[in-house]
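Here is a short briefing for a first look. Keep the structure in view as you read.

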Amino acid sequence: MGLVRREGRVMLMAAMVTIAAAVGCWTPAGGAEAKAGAAKGKANERIGAAVCLQCHSQFEKGWYGLRHNRYRTSESAPEMLQGCEGCHGPGQAHLEDENFGKIFSPKKATGLKAVAMCFQCHETTMKAASWLQTPHAKAGLGCGTCHEMHMDTKQPALLRDKTTTLCLSCHREEEAAFRLNSHHPVLEGRMGCTDCHDPHVGAGKRALLKVNDDKCLRCHLEKRGPFAYEHQTALHAGEASCASCHKPHGSPNPRLGTYYGRGMCLQCHSEIAGDARHRPRVGNCWVAGCHSRFHGSNANRFFLN
Ligand code: HEC
Ligand code: HEC
Ligand code: HEC
Ligand code: HEC
Ligand code: HEC
Ligand code: HEC
Ligand code: HEC
Ligand code: HEC
Ligand code: HEC
């Protein structure tokens with residue numbers, strides 16, 4: 001049996017080389033011809049990566065060099081995880097099927113089924129249950145949507161494209177914000193979407209966000225305090241915090257402002273809206289030189305300069 005199958009593979013290979021050279025890629029019509037030479041086997045038998053690659057030759061160049069595959073291409077790996085079939089399952093039925101179906105396609109699968117093969121190994125650092133809660137999983141994205149498992153893309157983390165380009169390919173509407181007057185320098189390449197977002201974790205209000213204000217303070221340390229006089233609710237009560245005064249991506253107002261000028265302060269201090277003393281002739285609450293330490297002060301409880 002083993003011998004017969006091996007002969008089948010050789011014949012297949014010969015047919016493949018001709019066809020690949022002629023049309024550059026595999027067609028189901030050609031497959032039927034080549035498969036006539038393929039031996040019959042049990043549906044759940046493995047055929048080995050070399051056979052898969054005869055037809056799916058677009059992956060051949062990258063497959064053996066891919067760092068991700070060092071483990072699965074080694075003879076010492078458990079058979080279950082080896083080769084293409086470590087992710088796609090046994091291939092004999094696929095080989096024998098007229099329509100080249102009967103193989104696990106992660107792209108067509110949904111829910112846990114679509115990603116379970118990754119968690120065979122990655123469950124130590126990522127939890128399947130947590131992934132399934134994210135808006136990305138709920139929208140039907142699979143791991144393979146962003147990660148290329150077959151070829152080297154020259155990007156870190158096997159990504160299909162540069163992170164920012166990849167994110168913006170779906171989140172086009174966010175790009176506009178990064179072109180507003182005041183914006184985080186993401187399109188300039190000085191920071192990336194993943195400085196603030198984790199595409200794999202978080203649900204609800206925290207969806208795909210790295211923890212709370214820590215993500216802002218990580219880079220803007222001087223705003224962390226502690227200050228002798230904290231601007232308590234505005235800065236450190238968790239709920240509102242930086243977001244009460246700043247847009248995260250970009251804003252038409254200076255300094256990523258949620259509002260223009262003193263409108264930012266009046267959100268909470270509406271009691272001074274009609275107070276003549278609180279209407280500076282020039283500038284606003286801070287530009288006029290008064291409450292310029294509003295992020296917190298060590299000198300003055302009114303955050304005066
Ligand atoms: C004899 C040629 C041949 C061999 C050998 C072969 N395939 Fe395929 N495979 C095809 C063709 C043809 C298609 C259909 C391509 C298409 O529709 O674009 C296909 C489709 C697929 C698909 C997509 C299925 C779907 O439902 O969308 C996967 C995944 C796949 N093959 C994986 C494998 C793996 C893994 C192996 C080795 C275990 C393998 N193939 C061996 C010819 C082959
Ligand atoms: C680490 C897991 C993994 C391994 C190993 C793997 N694949 Fe895949 N493969 C995937 C995932 C995930 C997708 C779905 C990609 C997507 O969502 O676009 C996929 C998709 C495919 C497709 C369908 C492409 C399409 O556009 O529908 C084919 C064909 C395929 N793989 C063949 C192979 C072959 C041949 C090998 C071995 C040389 C292999 N795969 C090894 C995970 C893997
Ligand atoms: C057989 C075990 C195994 C399976 C299954 C597996 N991986 Fe991995 N993966 C690894 C190992 C081991 C590493 C570390 C490789 C290294 O750094 O050399 C890794 C690393 C990675 C990395 C980081 C690569 C880098 O360069 O930083 C990504 C992304 C990744 N895997 C995605 C996936 C996805 C998506 C799937 C499912 C389609 C998957 N893996 C399935 C074993 C596996
Ligand atoms: C929406 C795109 C996207 C999807 C979907 C996605 N990833 Fe990632 N993944 C990324 C990005 C971007 C990075 C790089 C993170 C960084 O730069 O900090 C990454 C990094 C990784 C890493 C490298 C280790 C790490 O955390 O830094 C692993 C492993 C990984 N992803 C596995 C997976 C698995 C498994 C799935 C499916 C359950 C998946 N990814 C789905 C975008 C995605
Ligand atoms: C293949 C398309 C696709 C890619 C690539 C993609 N996303 Fe998403 N993303 C979605 C979909 C679909 C949703 C859920 C529907 C929605 O809210 O737009 C979503 C939701 C989100 C959300 C949550 C929105 C909310 O309402 O809470 C964030 C944040 C996000 N993505 C960030 C990223 C980042 C960062 C990247 C790059 C690492 C990325 N996405 C890559 C399609 C994508
Ligand atoms: C400086 C940190 C930061 C950077 C960089 C960043 N984001 Fe965000 N993003 C956030 C925060 C914070 C939120 C939550 C806003 C809220 O809840 O109102 C958010 C929300 C989102 C949302 C949901 C939008 C909505 O209206 O609910 C999407 C989608 C998103 N970001 C995508 C991206 C993409 C794509 C990139 C890169 C091009 C990116 N983000 C870069 C901090 C950032
Ligand atoms: C990865 C680092 C990083 C993170 C995280 C980060 N920022 Fe920034 N932030 C920057 C950089 C870089 C600039 C541009 C500084 C410059 O141009 O000199 C900037 C600029 C700003 C500015 C001034 C914009 C302007 O027009 O001058 C504000 C306000 C700001 N960030 C608020 C925030 C808030 C709020 C968060 C959390 C949602 C945050 N930042 C998270 C790196 C970061
Ligand atoms: C009460 C409103 C308010 C809150 C809350 C707030 N900011 Fe600001 N922030 C401002 C205003 C107003 C400016 C513009 C100052 C100016 O015009 O120079 C500013 C400017 C900035 C700047 C750019 C100028 C500078 O001083 O470096 C950064 C960075 C910044 N804020 C980060 C943060 C971070 C991080 C948080 C959360 C810990 C935060 N801010 C919370 C109102 C606020
Ligand atoms: C998200 C709500 C919020 C925003 C926005 C806000 N503040 Fe406050 N502010 C507070 C709270 C709450 C206190 C504490 C009130 C108290 O202790 O009685 C406070 C206290 C103050 C105080 C001290 C008043 C006192 O009587 O002790 C000053 C001055 C002040 N804020 C100025 C500003 C300025 C200037 C801005 C705009 C840059 C601003 N605040 C924006 C919520 C806010």
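The shell around ligand 2 takes at least three residues from domain 1 (2–96) and at least three from domain 2 (111–206). Note that this is a predicted model. The protein chain holds 15 helices and 2 strands.

**The shell around ligand 2**

- Ligand 2 is surrounded by 19 residues.
- The closest of these are Cys52, His56, Cys84, Cys87 and Gly144.
- Three elements each give two or more residues to this shell: α3 (49–55), α5 (85–88) and α10 (143–146).
- Sorted by class, the shell has 11 nonpolar residues, 7 polar and 1 charged.

**Helix α7**

- Helix α7 covers residues 111–122.
- What span should its 12 residues have at 1.5 Å a residue? The expected value is 16 Å, and the end C-alpha atoms of α7 are 16 Å apart, which agrees.
- Ala114, Val115 and Met117 are buried in α7. They sit on the same side of the helix, because they cover an arc of only 125° around the axis.
- The cover over the buried residues of α7 includes α5, α8 (128–133) and α10.
- Two of those covering elements, α5 and α10, also give two or more residues to the shell around ligand 2.
- On the face turned away from the buried side, α7 carries the exposed residues Gly111, Lys113 and Gln120.

**Ser105, in a loop**

- Ser105 lies in the loop between α6 (92–96) and α7.
- Is Ser105 buried or exposed? Ser105 is exposed, because 11 other C-beta atoms lie within 10 Å and the cut-off for exposed is 12 or fewer.
- Ser105 and Cys87 are 18 residues apart along the chain, and their C-alpha atoms are separated by 9.2 Å.
- Cys87 is also one of the closest residues to ligand 2.

**Cys265, in a helix**

- Cys265 belongs to helix α15, residues 263–266.
- Cys265 has 20 other C-beta atoms within 10 Å. A residue counts as buried at 20 or more, so Cys265 is buried.
- From Cys265 to Asn284 is 19 residues along the chain, with 9.7 Å between their C-alpha atoms.

**The chain as a whole**

- The protein chain has 305 residues, of which 18% are buried.
- Take the contacts between residues at least 6 apart in sequence: 52% of them join residues at least 24 apart.

Terms used:
Residues are numbered from 1 along each chain as its sequence is written. Chains are lettered from A and ligands numbered from 1 in the order in which they are written. This is a predicted model: local features need pLDDT of at least 70, side-chain atom pairs count only at pLDDT 80 or more; totals for chains, interfaces and linings use all residues. A residue is near a molecule or strand if its C-beta atom, placed from the backbone, lies within 6 Å of it. Helices (H or I, at least four residues) and strands (E, at least two) are DSSP runs, numbered from the N terminus. Ala, Val, Leu, Ile, Met, Phe, Trp, Tyr, Cys and Pro count as nonpolar, Asp, Glu, Lys and Arg as charged, and the others, Gly among them, as polar. Domain bounds come from an automatic or database domain assignment. Two residues are in contact if their C-beta atoms, placed from the backbone, lie within 7 Å. The expected span of a helix is 1.5 Å times one less than its number of residues. The arc is that of the directions from the helix axis to the C-beta atoms.
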